[in-house]
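Work through the exercises below with the structure open. Each task is followed by a worked solution.

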Amino acid sequence: IIELLVVITVIGLISAVTLAIFSKPKTDSRDVRREADMKELQNAIALFSTNKGYYPVCSSMTPINGTSDCLSAALIAENAMPQVPVDPRGTGPCTGLPLSPLPQEFGYCYQTNAIGNDYALYYHLENAVHNSGVPIGSGWYRINP
């Protein structure tokens, strides 16, 4: 029985070390993808603005789901982007943005003013290493035109 307990303990230690080694590259790759997605969205929004003369106007803070949300529908309809990216960990509800975002939520969010002459993209990073946006708290970042 003691030998069995020793084997189980060793297996537990090996799996804990392995998990620690491989979890950081995963979070880093998701963050790099988020940064690339934000650049794609910025380019698509700029193309939309060039064609229409204003940024896509949404009535409130919009979680980007890639298909039916206000921004995605506008970008796809205008052929500014064939497919709108979503966060690798899913679409969050954008709770508390822009002032006090929740740290456990992930997703891309879009906000514009009523006349479409300004916008903000919000995204959440797991590690603050790759950010190109302005930090707004709890791992969230904002990008403006």
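**Exercise 1. Place V10 and classify its exposure.**

Start with the secondary structure. V10 lies in helix α1, which spans residues 2-52. The model is a predicted one. Next, take the accessibility. V10 has a relative accessibility of 41%. Buried requires under 20%, and exposed requires over 50%. V10 therefore counts as partly exposed. Last, look for nonpolar company on the surface. V10 joins I2, V6 and I14 in a nonpolar patch. Together these residues offer about 390 Å² of accessible area.

**Exercise 2. Derive the strand order of the sheet from its pairings.**

Begin at β1 (62-63). β1 pairs with strand β2 (residues 109-112) through 2 bridges, in the antiparallel sense. Within this pairing, P63 has C109 of β2 as its bridge partner.

Move on to β5. Strand β5 (residues 140-143) pairs with strand β3 (residues 119-124) over 4 bridges, again antiparallel. Here Y122 is bridged to R142 of β5.

Now take the pairing of β5 with strand β4 (residues 134-137). Those two strands are antiparallel, with 3 bridges. V134 stands opposite R142.

Assemble the order. The open sheet has 5 strands and runs β1-β2-β3-β5-β4, with antiparallel pairing. Its edge strands are β1 and β4, each pairing on one side only.

**Exercise 3. Inspect the hairpin of β4 and β5: how many residues lie between the strands, and which residue takes a positive phi?**

Count the connection first. The hairpin has 2 residues between its strands. Then check the backbone. S138 takes a positive phi, near 55°.

**Exercise 4. Classify the ring pair of F48 and Y54, then compare the burial classes of its two members.**

The count of aromatic pairs is 4. In the pair of F48 and Y54, the ring centres are 5.9 Å apart and the planes meet at 80°. Centres within 6.5 Å make a pair, and planes over 60 degrees apart count as edge-to-face. The pair of F48 and Y54 is therefore edge-to-face.

Now the burial. F48 has a relative accessible area of 5%, so F48 is buried. Y54 has 34%, so Y54 is partly exposed.

**Exercise 5. Find which residues form a ring cluster, and which ring has the charged end of R89 over it.**

Follow the ring pairs first. They link Y55, Y110 and Y119 into a cluster. Then turn to R89. The charged end of R89 sits over the ring of F106, at 4.2 Å from the ring centre.

Key
Residues are numbered from 1 along each chain as its sequence is written. This is a predicted model: local features need pLDDT of at least 70, side-chain atom pairs count only at pLDDT 80 or more; totals for chains, interfaces and linings use all residues. Side-chain values use heavy atoms; hydrogens and water are left out. Patches are made of residues with over 30% relative accessible area and no salt bridge: like charges are joined within 9 Å, nonpolar side chains (Val, Leu, Ile, Met, Phe, Trp, Tyr) within 5 Å. Accessible areas come from the Shrake-Rupley method with a 1.4 Å probe; for residues, only the protein chains shown count as cover. A salt bridge is a side-chain nitrogen of Lys or Arg within 4 Å of a carboxyl oxygen of Asp or Glu. Buried means under 20% relative accessible area, exposed over 50%, partly exposed in between (1.4 Å probe, protein chains only). Two strands pair if DSSP finds at least two bridges between them. Rings of Phe, Tyr and Trp (its six-membered ring) pair if their centres lie within 6.5 Å; planes under 30 degrees apart count as stacked, over 60 as edge-to-face and the rest as tilted. A charge sits over a ring if NZ of Lys or CZ of Arg is within 6 Å of the ring centre and within 35 degrees of the ring normal.
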